[in-house]
Number of protein chains: 4
Amino acid sequence: MNSRKVAIVGASGYSGEELVRLLLSHPYAELVAVTSRQYAGQTLAQIFPKFANHARAKELHFSEPKVELLDKQADIVFLALPHGVAAEFAVPLTKAGVQVIDLSADFRLRSEAVYMEFYAHEHPAPELLAHAVYGLPEINRKEIREASLVASPGCYPTSVLLPLIPLLKCGLVKSTSIIADCLSGVSGAGRKAEVDYLFVECNESVRPYGIPKHRHLSEIEQELSNAAGCDVRIQFSPHLVPINRGILTTIYVAPEKHFDDLAGMEKLNQQIATCYKESYGSEPFVRILEGKALPDTKNVVGTNFIEIAWRLDIRTGRLILLSAEDNLIKGASGQAVQSMNIMCGWPETSGLC
Amino acid sequence: MNSRKVAIVGASGYSGEELVRLLLSHPYAELVAVTSRQYAGQTLAQIFPKFANHARAKELHFSEPKVELLDKQADIVFLALPHGVAAEFAVPLTKAGVQVIDLSADFRLRSEAVYMEFYAHEHPAPELLAHAVYGLPEINRKEIREASLVASPGCYPTSVLLPLIPLLKCGLVKSTSIIADCLSGVSGAGRKAEVDYLFVECNESVRPYGIPKHRHLSEIEQELSNAAGCDVRIQFSPHLVPINRGILTTIYVAPEKHFDDLAGMEKLNQQIATCYKESYGSEPFVRILEGKALPDTKNVVGTNFIEIAWRLDIRTGRLILLSAEDNLIKGASGQAVQSMNIMCGWPETSGLC
Amino acid sequence: MNSRKVAIVGASGYSGEELVRLLLSHPYAELVAVTSRQYAGQTLAQIFPKFANHARAKELHFSEPKVELLDKQADIVFLALPHGVAAEFAVPLTKAGVQVIDLSADFRLRSEAVYMEFYAHEHPAPELLAHAVYGLPEINRKEIREASLVASPGCYPTSVLLPLIPLLKCGLVKSTSIIADCLSGVSGAGRKAEVDYLFVECNESVRPYGIPKHRHLSEIEQELSNAAGCDVRIQFSPHLVPINRGILTTIYVAPEKHFDDLAGMEKLNQQIATCYKESYGSEPFVRILEGKALPDTKNVVGTNFIEIAWRLDIRTGRLILLSAEDNLIKGASGQAVQSMNIMCGWPETSGLC
Amino acid sequence: MNSRKVAIVGASGYSGEELVRLLLSHPYAELVAVTSRQYAGQTLAQIFPKFANHARAKELHFSEPKVELLDKQADIVFLALPHGVAAEFAVPLTKAGVQVIDLSADFRLRSEAVYMEFYAHEHPAPELLAHAVYGLPEINRKEIREASLVASPGCYPTSVLLPLIPLLKCGLVKSTSIIADCLSGVSGAGRKAEVDYLFVECNESVRPYGIPKHRHLSEIEQELSNAAGCDVRIQFSPHLVPINRGILTTIYVAPEKHFDDLAGMEKLNQQIATCYKESYGSEPFVRILEGKALPDTKNVVGTNFIEIAWRLDIRTGRLILLSAEDNLIKGASGQAVQSMNIMCGWPETSGLC
């Protein structure tokens, strides 16, 4: 395989750190630059002692983020920056021919107006929106392969979209009245020094937030609308739970066809199983659970896997979808690496197992 | 105030232990007997060192549970036993004129058939079902006052019923398509030596269980049906989260009247506020949150309070109710003590603040 | 009992919040003022929703801390401020005849030089050092009764001093080569927005810090020297563990008299038991564990108790002392209230059980 | 490299599960059998869904443990069994020429009498004691290379021995009056359904246990005695802390040569640094921390690394050693795989990075 030089801009947050981990061990990517205003001048090994066993981590120093250096050093640049800031790097880097994988929200939406509505400022580079590919490999693999700018999905959206999209495409469920109730570990809030995310404030606490209009709603609805072929509005309720990593999502949805007996239910069960099998049967990172098993964050944390299960309720006629993922891996950095693998023509699981 | 002698049958589980704590400090109740097959012969202070500062805890020995002693020792008996077993004590004790407050599920349902459907064995004492009062003080205070047998509600049902019942009674919400998504701390599983509840299995894990037909569904639907005046079926999804105590419940419900503009939403907001104020304005243990505050288990743990908040979503037309309680107190032992206070004519907050 | 008006300066940290909780429920103290620069103008109930059931919490507004108001409003003022700042209030308040209970380190040391050595700035009010009483009720009850300025002990010192002082006074252990290895919950770090205390940084992490010269060492050595009647130097190693509250301390000490057989060990065991019984037998908040029981933070959290146990090791000739306390209660606010009760002539357990 | 067939007897506990994880991804070892009475007949993927992405995990079924099959299937057998039981397999397997790596305590001690003293039953196979090699690669690499039976060290012993042995061998510290104060995550207690290890009993709890004579003391003293060339007795105090994995050890030790000024301290610092560098400078899994860094379990969890740091205290003249490891990896299964790599002539880090 050809190797490529990669850089990470904003490598000091949780997603950035996870990217560092994945890229240090990647068989084909060579990590050549990591930037951080805060840590500039120090080595990776100094800031993240747990990577100290990698020779590279002892040599590589954090640098100030400078576009004019990055475009010479790297073939591919990952942006692990706040929204609004990412675009400042994406514009000149893509212009310079560097492939960009952006983990922020800056290029996930197709519509400037929706961006403005949900992020409360004008889009910093609307001209790029049409070129960006929403980096959900299971859905957009072909587009990712050709992309120069990948907008890697948010953690919540990944956990909601992967269970729903196949069923919408197969016409098995209605696109109206979908509810997604999500539980996230605290790393989802980032490595920010805020009282709300102190140990004592989060431990022994479970709480909702951002109800009813969290920012991730915008990209979830956009992608569900794409899948359904019509405008989709959903209910989305995030909650914070005291785990480091992981998202557990419970989705309530109405089957397209009503079932009112066991035979009808069993038939629908088969159709769902078939739909998932056809959609994800050969996906390396989607695990459709069978039998009595239900998703559990502890079974996916530290991996790029998403677990998906479903239950039909004969008493209510409703379908319940359940998913679990590691918010920093499948929900962020692992998925970004998966996109890189696709863009580079490497085996899609490289560095991810 | 007149004091009364009280006993606890099955005082070694988490609810039993919490009852012990509350009753040791109760100003009017005198704890005269605690039973436990496992700990018979040992003092409360030996088994629960944290109560050792109570003189009573050093004197009081666990005894074998024997009806023929209990009915002589105590005026009121709390049963903190598994379902099926509680009835064995409730029958002779109520016959002997002892008031019984049962924390198990044995007397919560009015219908033998529903009991059989959800608990998979015949009801052990169907003749008592008609006499038992469902012990939700905010709803059934009058009936509790006269009761000889109180069926204290389950932890999940309390967290679902208290937010919903007033809105159903006021006709503000539809009784169809209600969804309750609940997150419970691990003490809800009881002090049982099972691998599933080991620290390592629960810590850093979030998982659903009992979907779609958990036992508590039966009493939730019964009580919602009473409030709505018609048969109610709901979706109920419990999840296990790594906290010791607390339940956080998110309920999705459709307003009776559709709103499609801000004015309509604001009007409904007012109606809900008024409904809650009229229903719970003078309730000592219900806290309706205002402004931006949302329920958080850490604000109610260790207390008999339930926090309730709501949000209207103009994008979906849906109403979201949120509640937080301590599963062992408002969801179990505290609520049982609240019922006792009512039955005895004591101030309802006695021993609970 | 006569009631007294009390105020808290700096009521927004964890110790301050715990003081609020204790004083809101105190039978004789009337909380008349709480200050916080950050929250000035808001009510207690707004900032701490869990106190909202107290009528007082709905009326009482946080105010800016102003000495000239405090000395008119309150008979007793608690200072829950950083070291260095507390003295700014203590000087004018004591001058104005207000009794002051200081939870900071400002008045715990008798020596300006030691203060300078450990706190790295000159003492802001050395003239008060001679008047302050070290507020460990079990040791200095008589002095506290007459005090106008109480320096309430640190959380670690309380957990180290209470097990050791009686044995040193009885001459049962050597004052040389003492080692105290301590484990603290994260609330000990205060409600500070620092990355080190974020949930994700503390959860699933155990780490030492401040080794070998933590600030609390200074007051531990001062008080041990007082008890031993000679200069004592000890080894003190704090560690951070992922619990909200609690300190577990393990102390290694050499018995004064060597024992080398079971009979000698048993004799020493008796002497230690007797020494503790005579010292703490009637103490309301010290629990000497017997039999096989060992201290566990979960048995004291939420209370003003300290649990103490000991073990002799016939293989090494060493004595091991173990203690557990709630760092915010017996280690801070509860102990401060205990001192207030003594100063006011109220039952020492008032508001603490 | 030549590959080898390996089996795990007792693969359902935490160490066994971790061994499965490591061996499924090992480049040269082929996992051919896993036994478990409880899970016999089910596949690895069914019991441990998180391994389901490994093709091997879907094929490999747990079997009943039978020596007569194992010795035909495997070149190397790992025993992850309780003490006493492991010997039943080790005897016939070694006789049959199979290499055995035992994770239990059965072959760690050289003395039957010490085994009897600490494990309270006669040694089941004393004739093998002389042949077993204590599997601490950093210390006994040469012996492991030739071993037919490796007794892989306990988790606590690894964390105590690796910091101490080089200093004892270099004569830098005294072998008397050593104290090891250790904090372990709950997985150290195994996957046993006992109330003491339930989530609710461990969460928000820190507690000592097994003081002063825990079983691991025996192998610690044996190996320290070997290193010191004389009989060593130490103080060893284990504590349980609410983390899944990790051991943090604090060791108090007296330098051989007294230092009483900064120059003397600095010189000793240099000697210690040199001693560790010479002993561990080329060790792949030992990380000697420099500068201000102190060990933190979160920096080693999930890896085979041990972090070591030290501090000299000029006030007490004492040396404090600190170490952190993952109890299930460097403290158990990772170390066992490290031994296997040595025995097989594979790169020592194979499958461990």
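In the predicted model, A:Asn203 is in contact with A:Pro242, C:Phe199, C:Ile243, C:Asn244 and D:Glu204, when its neighbours within four places in sequence are left aside. The list therefore includes residues of chains A, C and D, where contact stands for heavy atoms within 4.5 Å. A:Asn203 is placed in the loop of chain A that runs between helix H9 (199-202) and strand S9 (207-208). Its relative accessibility is 6%, and A:Asn203 therefore counts as buried, since the limit for that class is under 20%.

A residue in another chain was examined in the same manner. D:Val241 belongs to the loop that links strand S10 (234-240) to strand S11 (247-253) in chain D. With a relative accessible area of 1%, D:Val241 is buried. Apart from its neighbours within four places in sequence, D:Val241 is in contact with C:Val206 and C:Val241 of chain C. Within chain D, the contacts of D:Val241 are D:Leu183, D:Ser184, D:Gly185, D:Val186, D:Ser205 and D:Val206. The C-alpha atom of D:Val241 is separated by 9.0 Å from that of D:Pro208, and these two residues are 33 residues apart along the chain.

The relations between copies were then considered. A turn of 180° with a shift of 0.0 Å along the axis lays chain A on chain B, with an RMSD of 0.0 Å. Both copies are served by the same surface, as 100% of the contact residues of chain A recur in chain B. Chain C can likewise be laid on chain B, by a turn of 180° and a shift of 0.1 Å along the axis, and the RMSD is 0.0 Å. This is the relation of a two-fold axis. Of the interface residues of chain C, 100% are also interface residues in chain B, so the copies meet through the same surface.

The overall form of a single chain was described for chain A. This chain contains 12 helices and 14 strands. A compact globule of 353 residues would have a radius of gyration near 20 Å, and the value for chain A is 20 Å, which agrees. Along the principal axes, the C-alpha trace of chain A spans about 65 × 45 × 40 Å. Buried residues account for 64% of the 353 residues in chain A. Among the contacts in chain A with a separation of 6 or more, 68% are between residues 24 or more positions apart. The area exposed by chain A is about 12400 Å², of which carbon and sulfur atoms supply 49%. Chain A carries 34 positive and 40 negative charges, and the mean positions of the two sets are 3 Å apart.

The segment after helix H12 (329-344) of chain A holds A:Trp346. At 6% relative accessibility, A:Trp346 counts as buried. When residues up to four places away in sequence are not counted, A:Trp346 touches A:Met1, A:Asn2, A:Ser3 and A:Arg4, and also A:His26, A:Tyr28 and A:Ala29. A:Met340 and A:Asn341 are likewise touched by A:Trp346. The C-alpha atoms of A:Trp346 and A:Lys66 are separated by 28 Å, and the two residues are 280 residues apart along the chain.

The backbone was also examined. Most residues other than glycine have a negative phi, and most peptide bonds are trans. In chain A, the peptide bond from A:Ile211 to A:Pro212 is cis, with omega near 5°. A:Pro212 is located in the loop between S9 and helix H10 (216-228) of chain A. In chain C, the bond from C:Ile211 to C:Pro212 is also cis, with omega near 5°. The loop that holds C:Pro212 lies between strand S9 (207-208) and helix H10 (216-228) of chain C.

Positive phi values were noted as well. A:Ser177, a residue other than glycine, has a positive phi near 60°. Its place is in the loop between helix H8 (155-169) and strand S8 (178-184) of chain A. The relative accessibility of A:Ser177 is 41%, so A:Ser177 counts as partly exposed. D:Ala120, also other than glycine, has a positive phi near 65°. In chain D, D:Ala120 is found in the loop between helix H6 (112-119) and strand S6 (133-134). D:Ala120 is exposed, as its relative accessible area is 64%, and the class of exposed residues begins at values over 50%.

Technical notes: Residues numbered from 1 in each chain as written. Chains lettered and ligands numbered in written order. Predicted model: local features only at pLDDT ≥ 70, side-chain atom pairs only at ≥ 80, totals over all residues. Heavy atoms only, no water. Helix = DSSP H or I, 4+ residues; strand = E, 2+ residues; numbered from the N terminus. Rg over C-alpha atoms; globule rule 2.2 N^0.38 Å. Buried < 20%, exposed > 50% of the residue type's maximum accessible area, 1.4 Å probe, protein only. Areas by Shrake-Rupley, 256 points an atom, 1.4 Å probe, with all protein chains shown as cover. Lys, Arg positive; Asp, Glu negative; His and termini not counted. Charge placed at Lys NZ, Arg CZ, Asp CG, Glu CD. Least-squares fit on C-alpha atoms with pLDDT ≥ 70 in both.
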